[in-house]
Amino acid sequence: MARPALGSTLKALAVLGFVLWSLAPIAFIVSGSFKLNRDIFAYPPRFFFRPVLDNYAALFAEWPAFLLSLRSSLVVAGGGALLTLVVCLLAGYAYSRYRGR
């Protein structure tokens with residue numbers, strides 16, 4: 001009886017490990033956006049820091065059209081995802097109706 005519980009626990013741990021492995025770089029980048037430059041490049045890295053918004057203030061001061069560019073990127077990515085979804089739905093429907101020999 002302990003065997004299935006052990007298997008499902010190991011599977012859950014493997015999934016959790018994969019999720020953490022996948023999200024760690026994103027968390028690292030997002031946390032870096034709230035650090036000062038000296039904290040970003042500090043060795044050894046600082047995991048506990050006082051968050052600041054200086055990088056975002058500099059971004060909007062030096063590149064006022066950032067949100068317009070971000071919107072354009074989101075429109076292109078959303079359009080590509082929508083086109084992929086439509087093509088895959090049509091292909092899936094065709095495969096579901098196909099009778100093999």
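This note goes through a predicted model point by point, from its helices and surface to its charged and aromatic side chains.

1. Helix H1 and its surface. Helix H1 covers residues 2-33, and Val19 lies in it. With a relative accessibility of 37%, Val19 counts as partly exposed, because the partly exposed class runs between 20% and 50%. Val19 also belongs to a nonpolar surface patch, together with Val15, Phe18, Leu23, Ile26 and Val30. The accessible area of these residues together is about 560 Å².

2. Lys35. This residue is found in the loop between H1 and helix H2, the latter being 37-40. Lys35 is buried and yet has no salt bridge. The nearest side chain of opposite charge is that of Asp39, at 7.2 Å; Lys35 and Asp39 therefore form no salt bridge, since the nitrogen must come within 4 Å of a carboxyl oxygen. Leaving aside residues up to four places away in sequence, Lys35 touches Ile40, Arg46, Phe49, Val52 and Asn55. A reviewer may wish to look at this side chain in the model.

3. Asp39. Asp39 is placed in helix H2. Its relative accessible area is 7%, so Asp39 is buried. When residues up to four places away in sequence are not counted, Asp39 touches Arg46 and Phe49. Arg46 and Phe49 also appear among the residues that Lys35 touches.

4. The salt bridge. How many salt bridges does the count come to? The count comes to one. The side chains of Asp39 and Arg46 meet in a salt bridge, with 2.4 Å from N to O. On the acidic side, Asp39 counts as buried at 7% relative accessibility. On the basic side, Arg46 has a relative accessible area of 41% and is partly exposed.

5. Aromatic pairs. The structure holds three aromatic pairs. In one of them, the rings of Phe60 and Phe66 have centres 5.9 Å apart and planes at 75 degrees, so this pair is edge-to-face. The rings of Trp63 and Phe66 also make a pair, with centres 5.4 Å apart and planes at 70 degrees; that pair is edge-to-face because angles over 60 degrees are classed in this way.

6. The aromatic cluster. Which residues do the ring pairs link into a cluster? They are Phe60, Trp63 and Phe66. As for exposure, Phe60 counts as partly exposed at 38% relative accessibility. Trp63 is partly exposed, with a relative accessible area of 42%. Phe66 is partly exposed as well, at 21%; this value falls in that class because buried means under 20%.

7. Helix H4. Helix H4 is made up of residues 66-97, and Leu68 lies in this helix. Leu68 has a relative accessible area of 49%, so it is partly exposed. From Leu68 to Arg97 there are 29 residues in sequence and 44 Å in space, taken from C-alpha to C-alpha.

How values were computed:
Residues numbered from 1 in each chain as written. Predicted model: local features only at pLDDT ≥ 70, side-chain atom pairs only at ≥ 80, totals over all residues. Heavy atoms only, no water. Helix = DSSP H or I, 4+ residues; strand = E, 2+ residues; numbered from the N terminus. Buried < 20%, exposed > 50% of the residue type's maximum accessible area, 1.4 Å probe, protein only. Patch = residues over 30% accessible without salt bridge, like charges linked within 9 Å, V, L, I, M, F, W, Y side chains within 5 Å. Areas by Shrake-Rupley, 256 points an atom, 1.4 Å probe, with all protein chains shown as cover. Lys, Arg positive; Asp, Glu negative; His and termini not counted. Contact = heavy atoms within 4.5 Å. Phe/Tyr/Trp six-rings, centres within 6.5 Å; stacked < 30°, edge-to-face > 60°.
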